[in-house]
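Open the model in your viewer and keep the sequence panel visible. The tour below goes from one selection to the next and says what is found at each stop.

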Amino acid sequence: MTVNVGLVWDAVGSVDGGRGLLDLARTHGLDAFLVFDHLINAFPSQAWDTDFTYLASQAPTPDQCLDFATVLGNFAPQAGPVQLVIGVTDPNRRHPAVLAQTALTLAQFTERPPVLGIGAGALENLQPYGLPHDRRVDRVEEALQILRMLLGSPGPHDFRGEHFTLDQALMGLRAPAGREPRLWVGGSRDRMLALTGRYADGWLPAELMVPDEYTRRLRVVRQAAETAGRDPAAVVASGGVPIVVAETDEAAHALLDSTAIRFLALHAGADAWAAYGAEHPFGTGYQGLKDLLPHMLTREDVQQAMSVIPDGVVADQALVGSRQTVLDRIGELVEAGLQHPMLIPVSAMASPEAAAFTLESVAWLSRELRAPVQIGEITV
């Protein structure tokens with residue numbers, strides 16, 4: 001099986017930093033470059049200092065979030081064969097017609113079809129700006145139907161939903177042949193999985209899962225595709241893969257003591273904490289990153305929450321170890337069905353030295369994952 005490998009950038013701060021990561025992806029033959037779409041960062045500005053991460057010396061706030069469309073339009077001529085991925089935006093902030101236009105516009109500049117990733121929307125990007133955040137999955141379902149219509153033909157199109165309406169709507173902009181945008185869905189719960197199978201070209205969950213759970217959820221996607229009369233195997237199985245990597249397993253686990261990396265445990269939901277016999281400081285109903293409002297946390301809130309984090313929850317937020325250990329663990333996910341890991345270089349937050357080693361490791365992991373595998377007399 002061919003494994004495609006992508007690199008993730010949070011699209012925060014320095015444009016030159018993001019361009020450097022894209023250069024790394026292209027130089028080392030990675031398949032994709034994914035950018036986030038946030039208005040507020042997932043790290044709290046009130047606790048953002050050099051004790052939290054050395055990156056605070058380079059950026060006065062973590063909330064310098066760049067617009068994905070502008071960034072990707074600027075980066076497209078540099079991308080070459082690297083596929084550009086929006087991972088993910090939502091139909092609460094951007095009407096599906098605008099998203100279709102954005103993806104079709106980006107396709108004018110890229111060598112490969114761009115990927116438009118759609119999710120239900122994180123609370124941090126909605127509530128502070130007065131945007132609707134109820135019935136988010138309902139909006140996604142309607143948006144996916146509209147996107148399929150607008151990406152599929154110029155129209156005119158009619159649509160009557162509870163959240164969106166089209167009245168003889170046109171989308172005359174078309175992608176060049178062979179560069180039609182791909183539609184991927186981010187989500188891990190059963191309804192989002194079913195929508196992925198019904199409408200999407202790929203599945204892009206943000207949540208890191210153990211292999212058995214990845215297989216189970218992918219099966220839901222495939223079954224939904226089959227029920228909808230689509231080819232289940234045509235839905236690309238992707239997902240964010242955070243890595244904490246160092247020279248040895250011991251050194252990698254030592255990086256988990258870094259404050260910024262340890263904070264990732266607060267992105268996990270209450271259920272993940274309960275598995276270690278602990279109660280999440282944000283409440284038993286907290287569902288993880290999608291419910292987080294980081295800008296509302298005081299420094300004292302952060303300090304108190306950090307003081308009760310179980311070590312096991314921290315370790316569960318990434319694949320942790322030496323290059324070989326991380327490669328082996330990605331391999332387990334590949335055996336579970338993962339086709340397109342999107343590497344998130346988490347250990348780069350620990351120190352400049354860790355950042356350099358992590359990016360070197362991304363290149364190494366990509367080479368190893370994409371290398372042909374010999375099984376008996378057959379190379380796959």
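Start with Ser188 and Glu207: their side chains make a polar contact of 3.5 Å. Bear in mind throughout that this is a predicted model. Ser188 lies in the loop that links β7 (182-185) to α5 (190-199). Is Ser188 buried or exposed? It counts as buried, because its relative accessible area is 13% and the cut-off for buried is under 20%. Now show what surrounds Ser188: leaving out residues up to four places away in sequence, it touches Leu193, Pro205, Glu207, Met209 and Arg217.

Next, select helix α4 (residues 136-152) together with α5. Their axes come within 11 Å and cross at roughly 5°. The two helices are therefore roughly parallel, as angles under 35 degrees are classed that way. To see the contact, display Val137, Asp138, Val140, Glu141, Leu144, Gln145 and Arg148 on α4. On the α5 side, display Arg191, Met192, Leu195, Arg198 and Tyr199.

From α4, follow the chain into the loop that leads to β5 (157-160), where Pro156 sits. The peptide bond from Gly155 to Pro156 is cis, with omega near 15°. A second cis peptide bond to look at joins Gly87 and Val88, with omega about -5°. Val88 belongs to strand β3.

Stay with the strands and select β2 (residues 32-35). Which way do the side chains of β2 point? Ala32 and Leu34 point one way, Phe33 and Val35 the other, and all are buried. In a regular strand, side chains alternate between the two faces of the sheet.

Add strand β1 (residues 6-9), which pairs with β2 in the parallel sense over four bridges. Gly6 has Ala32 as its bridge partner in β2. Between these strands the chain passes through helix α1 (residues 15-27), and this β-α-β crossover is right-handed.

Then add strand β3 (residues 83-89), which runs parallel to β2 and is joined to it by four bridges. Here Ala32 stands opposite Gln83. With helix α2 (residues 68-79), β2 and β3 make a right-handed β-α-β unit.

While α2 is on screen, pick Val71, which is found in that helix. Val71 is buried, with a relative accessible area of 7%. Apart from neighbours within four places in sequence, Val71 is in contact with Trp9 and Leu66. For a sense of scale, draw a distance from Val71 to Met296: their C-alpha atoms are separated by 28 Å, and the two residues are 225 apart along the chain.

Two stops concern backbone angles. Ala11, in the loop between β1 and α1, has a positive phi of about 55° although it is not a glycine. Ala11 counts as buried at 1% relative accessibility. Gln168 also has phi near 55°, a positive value in a residue other than glycine. Gln168 is placed in strand β6 (residues 165-169), and at 46% relative accessibility it counts as partly exposed.

Finish at Ala371, in the loop between α13 (352-370) and β12 (374-375). Its relative accessibility is 33%, so Ala371 counts as partly exposed. How far apart in space are Ala371 and Val3? The distance is 8.6 Å, C-alpha to C-alpha, for residues that are 368 apart in sequence.

Key
Residues numbered from 1 in each chain as written. Predicted model: local features only at pLDDT ≥ 70, side-chain atom pairs only at ≥ 80, totals over all residues. Heavy atoms only, no water. Buried < 20%, exposed > 50% of the residue type's maximum accessible area, 1.4 Å probe, protein only. Pairing = 2+ DSSP bridges. Right-handed = clockwise from strand over helix to strand, strands pointing away. Polar contact = N/O pair within 3.5 Å; in protein donor to acceptor, adjacent residues only side chain to side chain. Contact = heavy atoms within 4.5 Å. Axes fitted to C-alpha atoms, helices over the stretch in contact; angles between N-to-C directions. Parallel < 35°, antiparallel > 145°, perpendicular 65-115°, else oblique.
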